[in-house]
Every structure is written in structure tokens, then in C-alpha cells.
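Biologist: Let us go through the labels on this model. I will ask what earns each one.

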Amino acid sequence: MPAVGIVPTGGNGTEYAGRLTPYVLVTCMVAAMGGLIFGYDIGISGGVTTMPTFLRKFFPSVYERQQRNKSTNQYCQYDSETLTLFTSSLYLAALLSSLVASIVTRKLGRKLSMLFGGLLFFAGALINGFARAVWMLIVGRILLGFGIGFANQSVPLYLSEMAPYKYRGALNIGFQLSITVGILIANVLNYFFAKIKGGWGWRLSLGGAMVPAIIITVGSLVLPDTPNSMIERGQSTEAKEKLRQIRGVDNVDQEFDDLVAASEASKLVEHPWRNLLQRKYRPHLTVAILVPFFQQLTGINVIMFYAPVLFNTIGFKNDASLISAVITGTVNVIATLVSIYGVDKWGRRFLFLEGGAQMLICQVVVAACIGAKFGVDGNPGDLPKWYAIVVVLFICIYVAAFAWSWGPLGWLVPSEIFPLEIRSAAQSINVSVNMLFTFLIAQIFLTMLCHLKFGLFLFFAFFVLVMSAFVYLFLPETKNIPIEEMTLVWKSHWYWSRFVDDLDHPNGGLEMRKGNTKNV
């Protein structure tokens with residue numbers, strides 16, 4: 001069975017002293033706001049590229065071609081490599097900056113990395129808001145990407161280290177919640193800014209990114225650093241006092257000793273990047289690569305692409321884009337709240353597998369419906385209203401499944417499984433893979449849609465099946481396991497145990513040495 005065979009006693013993990021204090025709750029809420037910059041950019045970038053005044057100013061050839069070519073082929077009408085490159089260049093910059101952010105996060109702390117992310121994002125938003133030429137847009141996008149790379153590197157780590165282990169999943173998913181809120185806000189703003197007379201609303205859309213940048217910048221200045229990071233940088237006395245403050249109790253000796261032991265082990269590692277290739281870190285590296293890879297192949301992009309077309313057929317006419325953005329965005333936010341409620345009760349594996357099954361069914365149903373009506377020429381003709389309602393319903397069910405499974409867990413699970421000695425480097429791999437495949441999917445998605453047509457839904461459905469099999473067989477449950485004892489789940493896994501043993505991790509799985517384990 002692909003389940004964890006041994007877990008620490010005391011619930012499912014070591015009973016560290018402490019509780020969820022208001023101080024930690026507020027701290028994690030402020031830190032999670034780092035997701036706003038990522039979410040806002042996702043929502044804004046897609047909206048401004050549909051604004052005629054924006055296209056006419058910066059991409060006149062694309063604008064003229066779209067005006068001339070009133071094709072009825074819904075599959076190919078948005079196929080534009082130039083605009084795609086403009087949108088996806090940000091993810092390439094985020095990939096590169098996440099490698100630098102790894103060093104900053106390890107050497108200077110998590111909150112300083114968040115500060116850099118906020119400042120870089122602010123600079124990019126400022127340049128884009130006042131852009132007068134394409135090169136200014138590109139420079140702005142690169143700076144935005146640098147900011148996202150730093151934020152996505154540091155915020156999930158910060159949340160996983162600051163939160164009490166029993167509430168780590170819920171508090172960490174606050175990052176994904178702020179991403180979904182950012183997307184929803186951006187889509188609504190896009191709609192209203194596009195209606196501004198004079199056609200300069202796109203400047204407000206792009207420049208508005210300064211607001212979430214200010215939030216995370218100011219937040220990083222007032223946030224405390226994590227005890228893990230303070231110990232790692234030699235501030236043990238201050239770290240113990242901070243641990244008492246965030247746990248709300250005086251007796252934090254057991255957790256503090258485990259953090260110090262993990263830090264001492266990490267100091268023996270001179271080259272964390274090179275160490276990632278060692279056999280004992282094979283499970284961590286595999287998850288750090290495959291989870292973000294699979295997250296981008298769930299097909300969320302192709303599903304969201306068709307939403308405005310289908311909402312338009314229901315009768316919303318010119319308000320189709322707003323309605324689709326608000327409905328799917330609201331479903332996204334609500335389903336993320338479901339994940340926050342259930343991730344530490346039902347576990348990561350349950351949400352992964354249930355979400356995968358739900359997405360698979362919806363992909364197949366939507367593929368059949370789109371194929372039946374849109375055919376291979378992409379011309380749906382007159383669609384019955386009941387038909388569009390059924391497809392939109394399945395789209396919402398799909399979005400909900402993604403939002404409580406692969407959406408948040410794609411960030412949560414990789415951020416909580418790494419030992420301290422490789423944590424920053426491994427998280428950088430996680431972010432880099434995520435950004436790389438976000439970039440690649442964004443680059444080829446519209447071309448694939450144009451050629452594969454409704455078959456693209458089945459293409460992503462196949463990968464949903466593969467990723468669900470991977471979770472079932474190879475991803476252990478990490479619910480209620482203290483972050484510094486995560487080695488336990490690898491040692492007791494039916495497959496990964498062959499790569500990990502006590503000699504490899506003398507300080508990992510500290511409780512195992514104390515005999516606090518039991519078979520399940």
C-alpha cells in the first residue's frame with residue numbers, strides 16, 4: 001500500500017507545546033498577502049491584452065490583423081505569438097530570480113526576500129503604468145517577474161515555518177487564497193477600466209499592481225523573522241524568545257532543541273544545490289520537480305479560456321467577460337476556503353485524489369460537449385442556452401476541484417517537506433519548475449488549442465490521470481507532521497524508504513530516536 005507506515009505519536013505528529021495565537025494568525029495573514037502580487041498579475045495581464053487601445057498602441061500589427069480577420073474559428077482567433085511572449089516573459093524572469101532568491105532567503109532571512117520581491121514588483125508596475133514604448137513594457141514585465149520570483153520563494157517557506165504544525169496547511173494555503181483574491185480583483189478592475197473614455201484604462205490596470213506591491217513591502221517591514229531562519233543565521237537567543245512569543249507558551253524547549261539540531265545539521269552542508277543530487281534527497285527532489293510540473297498540466301488554462309465564450313451564449317452578451325471572471329473567480333475563492341478548512345482535517349492526499357478525480361470527469365465531459373458543438377472547424381453556430389449552462393456548470397465544478405486540490409497544495413506540499421539544510425535551494429527548484437512550465441504552457445497553449453482543438457481537453461485529462469496515480473503511489477501524507485521531523489514520512493514510505501535511512505539523516509526524524517513511534 002502506498003501509505004505511510006510509521007508516524008510519530010501524539011496525534012499524527014510530535015506534541016510540541018503551543019497554540020494558534022492571534023499574533024501568529026495576523027502574522028501569517030499579512031505574509032500571505034504576498035500572493036496578491038502573483039494573482040493580480042495573472043488577472044491583469046490577460047485583460048489588458050484584449051483592450052483595443054492597448055493593442056493599437058503597442059502591438060499595432062496584431063490589432064490590425066484582428067480587425068481584418070473576423071474568423072469564426074473559436075479555436076484559433078487568439079493565436080498570437082507576440083502577445084503570448086509579452087505575457088509569458090514574466091515567468092521566465094521569475095524563474096531566474098528564484099535562483100537568486102534562494103541565496104537571499106537562506107543568508108539574509110525570509111522577510112528580507114519578501115521585501116525585495118515587493119520593491120521589484122512596485123518598480124515594474126510603475127514602469128508599466130507609465131509605459132510609452134514596447135521596451136518599457138518588457139522591462140516592467142521583467143521586474144514584475146523578479147518580484148514574483150522572490151515572493152513565491154519566500155512566502156510559502158515563511159508560512160510553513162511560522163505556523164504551528166497542526167495548522168500549517170490551513171495557514172500556508174492563505175498564500176493561495178490571496179492569489180485567487182488577486183485574480184478576482186484584477187478581473188473586475190479590468191472590466192471597469194476598459195470602459196474609461198479615452199482608452200487609457202490599461203494604464204490603471206497595469207499601474208494598479210503598485211497597490212499589492214506596497215502591501216507586501218510594508219508587511220515585510222513589520223513582520224518578524226521565523227525562528228528557523230534566526231537560528232540558521234546564528235541568532236539563537238532571539239529565536240527562542242520569538243518562539244515563545246509565537247507559540248504563546250514559555251516551555252518551547254523541545255521544539256527549540258529540534259530546530260537547533262536541524263540547523264546544526266544544515267551548517268554541515270556547504271553546497272545545498274549540489275547536495276540536492278544526493279541519493280538521500282531523491283524523494284524531496286522528485287516532489288519539488290513533479291508537483292509544480294503536474295500543477296501546470298491540470299488544464300486550468302484551457303478551461304478558463306472557454307469561460308467567456310460559453311457565458312456569452314447564456315445571454316450575458318457584452319458583460320460575458322465580467323460575469324465569467326466574477327463567477328469562476330468567486331468559485332475559486334470559495335473552494336480555496338474549503339481547502340483551508342479541510343487540509344489539516346482530511347489530509348493532503350485526500351484533497352489531491354478527490355480533486356484529481358473531479359477534474360478528470362469534468363475534462364472529459366467538457367471535451368465531449370465542445371467537440372460535439374464546436375467540431376473541428378471551431379464554429380459552434382447557435383448554441384442552445386441549456387447546453388451552455390451545462391458546460392459552464394462543469395467548468396465551475398472543475399475550477400472548484402483545482403482550487404481545493406492542486407492549486408493550493410501545489411505550493412503547500414513542496415514548501416513543507418524539505419529539511420532545513422536544503423530548504424531554500426529546494427524551494428527555489430520548486431518555484432523555478434513552476435515558472436518554467438507556466439512559461440512553456442503559456443507559449444504553446446494557444447497554438448496547441450488551434451491544432452488539437454477540443455482534443456486539448458483530453459490531452460490535459462490524460463495528465464490529470466497520471467498525476468493522480470503519482471499521488472496515490474508516491475506522495476506520503478504530511479498532515480500534522482512537524483516540519484523538522486518530515487524525514488519520518490520518507491523513512492516509513494513503501495518506496496522512498498529505500499533512499500533514506502538513519503545514517504543519512506542523523507538529525508532528521510528526531511523523535512524516532514526517542515522511541516515515540518508506532519505502527520499504523
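Biologist: What makes I334, V338, Y341, W346 and F350 a nonpolar patch on the surface?

Modeller: Patches take residues with over 30% relative accessible area and no salt bridge; nonpolar side chains (Val, Leu, Ile, Met, Phe, Trp, Tyr) are joined within 5 Å. I334, V338, Y341, W346 and F350 form such a patch, with about 500 Å² of accessible area together. Areas come from the Shrake-Rupley method with a 1.4 Å probe, and for residues only the protein chains shown count as cover.

Biologist: Which helix gives the most to the nonpolar patch?

Modeller: Helix 18 (residues 320-346), with four residues. Y341 is found in helix 18. Helices are DSSP runs (H or I, at least four residues), numbered from the N terminus.

Biologist: What are the ground rules?

Modeller: This is a predicted model: local features need pLDDT of at least 70, side-chain atom pairs count only at pLDDT 80 or more, and totals for chains, interfaces and linings use all residues. Residues are numbered from 1 along each chain as its sequence is written, and side-chain values use heavy atoms, leaving out hydrogens and water.

Biologist: Why is helix 1 called roughly antiparallel to helix 7?

Modeller: The axes of helix 1 (residues 22-32) and helix 7 (residues 134-162) cross at roughly 170° and come within 10 Å. Angles over 145 degrees count as roughly antiparallel, so helix 1 earns that label against helix 7. Contact (heavy atoms within 4.5 Å) involves V24, T27, C28, A31 and A32 of helix 1 and V155, Y158, L159 and M162 of helix 7.

Biologist: And why is helix 1 roughly parallel to helix 2?

Modeller: Helix 1 and helix 2 (residues 34-48) pack at about 30°, axes 4 Å apart. Under 35 degrees counts as roughly parallel, so the label fits helix 1 and helix 2.

Biologist: How do you know that R110 forms a salt bridge with E161?

Modeller: The rule wants a side-chain nitrogen of Lys or Arg within 4 Å of a carboxyl oxygen of Asp or Glu. For R110 and E161, the closest N and O atoms are 2.7 Å apart. The pair links R110 in helix 6 (residues 110-129) to E161 in helix 7, 51 residues apart.

Technical notes: Axes are lines fitted to C-alpha atoms, for helices over the stretch in contact, and angles run from 0 to 180 degrees between N-to-C directions. Helices (H or I, at least four residues) and strands (E, at least two) are DSSP runs, numbered from the N terminus. Angles under 35 degrees count as roughly parallel, over 145 as roughly antiparallel, 65 to 115 as roughly perpendicular and the rest as oblique. Patches are made of residues with over 30% relative accessible area and no salt bridge: like charges are joined within 9 Å, nonpolar side chains (Val, Leu, Ile, Met, Phe, Trp, Tyr) within 5 Å.
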